[in-house]
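Here are my notes on the model you sent over, written as numbered points. Have the structure open while you read.

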Amino acid sequence: MYNASTMNINLHKLPFLLSLFLSLSFLAFLSFRSLHKPTVLLPPDLRIRPGYSSYDAYIERQLNKTLNPKLRHIWTTRDWNRKVKVFSEFFNNLRVGGFLFNNSKALCIGARVGQEVEALKRVGVDDSVGIDLVPYPPLVIKGDFHHQPFDDGSFDLEFSNVFDHALYPLMFVREIERTLKPGGICVLHLSLSRRADKYSANDLYSVEPLKELFKVSELVELRRIDGFGLDTEVVFRKKNK
C-alpha cells in the first residue's frame, strides 16, 4: 500500500533526481558540442580565425557566400567554361603524374556548383561527384566536409581548394583519410603567399601543419600553381595498411 510515509521519502528524493537529470543533460550537451568543437592544439603555422560563437554561426557565414545569388549566377555562367578549362589542366597534370586514372572514383570537396567535377568528367574520370553545404545536382550533393556522408575507403582521389574554409582542419583531414582507399590520393590547392578571402576560417602559412594533420598519409608532391588565387598544390598518398 502507498502511504504518507512513502510519499514523504519520495518527495525528499526529488531534488536529487532533478539534480541528476540536469547533470546528465548538461553532460550530453557537452558531448554533443565536443563533436563540433574538438580541443586540439594546432601547429604554429596554422591559425583559426576568431569570431565564430558556434558551429551554427560558422555554417551561416559559409552559406552567406554559397547562397549569394549573384555569385551563383557568375559561377554557372561567366566563370563556368574558364574554370572547367583550368581544372581540366590541373587534372590532366595529375594523370601524367600517375595520380589519377579513368577508372578512379573521385570526390571534390567544397565543390559549390561543380566546375571541378565537370572537369574530371571531361578528362575521362566519369565516377566523380562533389559535396557542398548546398547541393547542385547532378554534379554536387549535400555534405559537410567536417563529416563526409560516405563510407570508409570510398574514393581513389579527393580534391579540394577550400581547406582555408575548414573551421576544424583536423576533422577536415581525418574525414579525407577515412574516406580514401588505402593508396588513395588527396590533392589540396592552397594559398600560402597571401591571406585567403573574408570567408576563410583558417590561415595556413606553410605546408608543415599539413604533414602533422595527415596521420596515415605521406606528402608525395609539392608544386607552385596559379589557381584562382591559390598558389600551392600538395599531393598526399594514404599509406597501405
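**Notes on the predicted model**

1. Let's start with the empty space: the largest cavity has a volume of about 190 Å³. Bear in mind that this is a predicted model. The search of the whole structure turned up two cavities of 30 Å³ or more.

2. What lines the largest cavity? There are 16 lining residues, and those nearest the centre are Gln62, Thr66, Asp132, Leu133 and Phe145. Helix 2 supplies the largest share of the lining, six residues. By class, the lining is a mix: six nonpolar, six polar and four charged residues.

3. Now the overall layout. The protein chain has seven helices and nine strands. Of its 241 residues, 46% are buried. Among contacts with a separation of 6 or more, 67% are between residues 24 or more positions apart.

4. In soluble globular proteins, nonpolar side chains tend to be buried together. Here the largest nonpolar core has 35 residues, and the members touching the most others are Phe163, Phe172, Leu188 and Leu210. Two or more residues each come from helix 2 (55-66), strand 2 (106-109), strand 3 (128-132), helix 6 (169-179), strand 6 (180-190), helix 7 (208-213) and strand 9 (230-238). Helix 6 gives the largest share, five residues. There is also a second, separate core of 27 residues, with Trp80, Leu100, Ala111 and Leu139 among them.

5. Phe163 is a good residue to click on. Beyond its neighbours within four places in sequence, Phe163 is in contact with Leu46, Pro169, Phe172, Val173, Leu188, Leu190, Asn202, Leu204, Leu210 and Leu213. That list includes Phe172, Leu188 and Leu210, which are also named among the core members with the most contacts to other members.

6. From there, go to Pro169, which lies in helix 6. Is Pro169 buried or exposed? Its relative accessible area is 1%, so Pro169 counts as buried. Leaving out neighbours within four places in sequence, Pro169 is in contact with Leu46, Ile48, Phe163, Asn202 and Leu213. The C-alpha atoms of Pro169 and Ala201 are 9.3 Å apart, with the two positions 32 residues apart along the chain.

7. Helix 5 (residues 115-122) deserves a look. Why call it largely enclosed by the rest of the structure? Because six of its eight residues are buried. Those six are Gln115, Glu116, Val117, Glu118, Ala119 and Leu120, so the set includes two glutamates and a glutamine as well as nonpolar residues. The buried residues of helix 5 pack against helix 3 (69-76), helix 4 (80-96), strand 2, strand 3 and strand 5 (155-160). After helix 5 comes Gly124, with a positive phi near 105°.

8. Next, some backbone geometry to check by eye. Most residues other than glycine have a negative phi, and most peptide bonds are trans. Arg112, in the loop between strand 2 and helix 5, has a positive phi of about 55°. Phe228 also has a positive phi, near 55°, and sits in the loop between strand 8 (217-227) and strand 9. With a relative accessible area of 30%, Phe228 is partly exposed.

9. Where is the cis peptide bond? It joins Pro137 and Pro138, with omega about 0°. Pro138 is in the loop between strand 3 and strand 4 (140-142).

10. Strand 4 contains Ile141. Is this isoleucine counted as buried? Its relative accessible area is 34%, so Ile141 is partly exposed. Not counting residues up to four places away in sequence, Ile141 touches Val129, Gly130, Ile131, Asp132, Pro135 and Phe150. The C-alpha atoms of Ile141 and Ala111 are separated by 9.2 Å, and the two residues are 30 apart along the chain.

11. Last, the cysteines. A disulfide is a covalent bond between the sulfur atoms of two cysteines. The count of disulfides here is zero. Cys108 is buried, at 1% relative accessibility, and Cys186 is buried too, with a relative accessible area of 1%.

Terms used
Residues numbered from 1 in each chain as written. Predicted model: local features only at pLDDT ≥ 70, side-chain atom pairs only at ≥ 80, totals over all residues. Heavy atoms only, no water. Core = buried A, V, L, I, M, F, W, Y, C linked by side-chain atoms within 4.5 Å. Buried < 20%, exposed > 50% of the residue type's maximum accessible area, 1.4 Å probe, protein only. Helix = DSSP H or I, 4+ residues; strand = E, 2+ residues; numbered from the N terminus. Contact = heavy atoms within 4.5 Å. Disulfide = S-S within 2.5 Å. 1 Å grid on protein atoms, 1.4 Å probe; cavity = no way out; pocket = protein on both sides within 12 Å on 5 of 7 lines; lining within 4 Å. Points joined across faces, edges and corners; volume = space filled by probe spheres on them.
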